[in-house]
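The following exercises ask the reader to work from individual residues and strands towards the interior of a protein model. Each task is followed by a solution in steps.

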Amino acid sequence: MSMSDKYRFGTKAIHAGVEPDSATGAIMTPIYQTSTYAQSSPGEHKGYEYSRSQNPTRKALEKSIAALENADYSHCFASGLAAIDAVIKTLKPGDEVISTNDLYGGTYRMFTEIFQDFGIHFHFINMSEASNIEKHITNKTKLVWVETPTNPMMNIIDIEAVSKITKKHNILLCVDNTFSTPYLQNPLDLGADMVMHSITKYIAGHSDVVMGALATSNRKLSEKIAFIQKASGAVPGPQDCFLVLRGIKTLHLRMQRHCENASGVANFLKSHPKVEKVFWPGFKSHPNHEIASRQMHDFGGMISFSLKENTQEAATKILKKFELFILAESLGGVESLSGHPATMTHSSVPKADRDKVGLTDSLIRLSVGVEDIEDLIQDLKQALS
Ligand code: P1T
């Protein structure tokens with residue numbers, strides 16, 4: 001029986017992939033800071049030849065992530081974008097991808113400014129209604145790219161409904177699960193073929209690592225990804241793998257508090273007179289609240305909100321006044337962060353496209369950390385006053 005079948009999430013977070021070191025009994029996975037491995041005779045070795053291909057610290061992490069996502073295989077990359085890059089490299093010129101139209105700006109930039117030039121075509125569409133996908137499918141469609149909740153509008157996409165469509169048409173479905181984390185949502189259990197993470201965020205959890213991962217139970221797909229990982233070479237170093245292994249041990253505890261605090265922050269913002277709209281899937285009024293309640297265990301730690309005074313200046317004023325919500329790119333660390341998507345994370349998305357999805361100039365994104373909620377509310381009160 002595998003770790004995934006036998007244990008619940010918190011137990012897997014602490015134990016999956018990790019065994020006492022065979023040489024010393026060390027409880028924590030050693031940092032195998034080595035680029036290469038001795039061979040007793042050409043081709044005779046202990047399963048490790050060169051650290052771009054395999055490294056024991058990375059292997060422990062890959063096993064852990066596979067267990068958390070109920071996957072058979074996982075592969076780690078030097079960043080979230082490097083993981084996405086590997087997925088798109090499984091395609092060929094002429095292939096088409098259907099992607100959600102509201103997604104991390106860096107993913108959009110890679111799709112439109114790198115891979116489009118290699119002859120891969122991307123259709124960015126609204127996936128709030130999964131059935132909308134079907135009308136964009138052609139015989140060249142090879143991949144559907146889903147991010148849910150989306151960055152930064154917190155739209156929810158019905159993974160199970162999308163997977164029914166992709167299965168019917170024999171198309172691969174990959175879900176960027178960064179905002180949800182495997183604690184809140186397991187896309188493979190809902191029918192996706194592959195799940196992608198910016199490990200940089202909640203999984204590492206302490207804003208000290210940049211890393212990405214893919215997980216799948218499709219052996220052929222895993223072999224393709226392993227080949228690209230080795231042949232393109234965007235692998236993480238063992239020190240970073242160690243830090244992520246440590247971070248994962250508290251993923252379930254951190255996520256509980258992130259969700260609790262985000263709920264408090266969302267409800268505070270909703271009743272504030274300067275706030276126009278709060279984007280958070282936990283509200284019954286969120287258009288896909290019912291789907292979020294079904295496919296996620298809770299609603300996560302990310303919130304966006306717009307202001308009645310819809311200008312960049314109004315947003316900047318608030319962002320500069322925050323004491324705890326530090327103004328910075330990224331999300332998912334223990335500390336609260338704030339961001340201005342229009343000029344920061346999503347500046348590479350053209351303004352017309354930003355406007356289409358509601359990413360207005362006054363939109364502020366919060367990554368709600370695990371501090372004391374009273375202090376976070378106090379910080380919001382003073383910044384909005
Ligand atoms: O930064 P990196 O580890 O390469 O991951 C890229 C990425 C992929 N997918 C999602 C949903 C993401 O949010 C990100 C990175 N996002 C930020 C840096 C940000 O501030 O939104």
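**Exercises on a predicted model**

In this predicted model, the bridge partner of Met194 in strand β7 is Thr216.

**Exercise 1.** Determine which strands pair with β7, and in which sense.

*Solution.* Step 1: Strand β6 (residues 194-198) is joined to β7 by five bridges, and the two run antiparallel. Step 2: Strand β1 (residues 73-77) also pairs with β7 in the antiparallel sense, over five bridges. Here Phe77 has Gly212 as its bridge partner in β7.

**Exercise 2.** Establish whether the residues of β7 are buried or exposed, and explain what follows for the strand.

*Solution.* Step 1: In a regular strand, side chains alternate between the two faces of the sheet. Step 2: Gly212, Leu214 and Thr216 point one way from β7, while Ala213 and Ala215 point the other way. Step 3: Residues on both sides are buried, that is, under 20% relative accessible area. Step 4: Because five of the five residues of β7 (residues 212-216) are buried, the strand is largely enclosed by the rest of the structure.

**Exercise 3.** Locate the largest nonpolar core with respect to the domains.

*Solution.* Step 1: This core has 65 residues, and those touching the most other members include Leu61, Val244, Leu269 and Phe305. Step 2: Helix α10 (residues 251-270) supplies the largest share, eight residues. Step 3: Both domain 1 (3-248) and domain 2 (251-384) contribute residues, so the core lies between them. Step 4: A second, separate core of 26 residues has Ala86, Ile88, Met196 and Ile225 among its members.

Terms used
Residues numbered from 1 in each chain as written. Predicted model: local features only at pLDDT ≥ 70, side-chain atom pairs only at ≥ 80, totals over all residues. Heavy atoms only, no water. Buried < 20%, exposed > 50% of the residue type's maximum accessible area, 1.4 Å probe, protein only. Helix = DSSP H or I, 4+ residues; strand = E, 2+ residues; numbered from the N terminus. Pairing = 2+ DSSP bridges. Core = buried A, V, L, I, M, F, W, Y, C linked by side-chain atoms within 4.5 Å. Domains from an automatic or database assignment.
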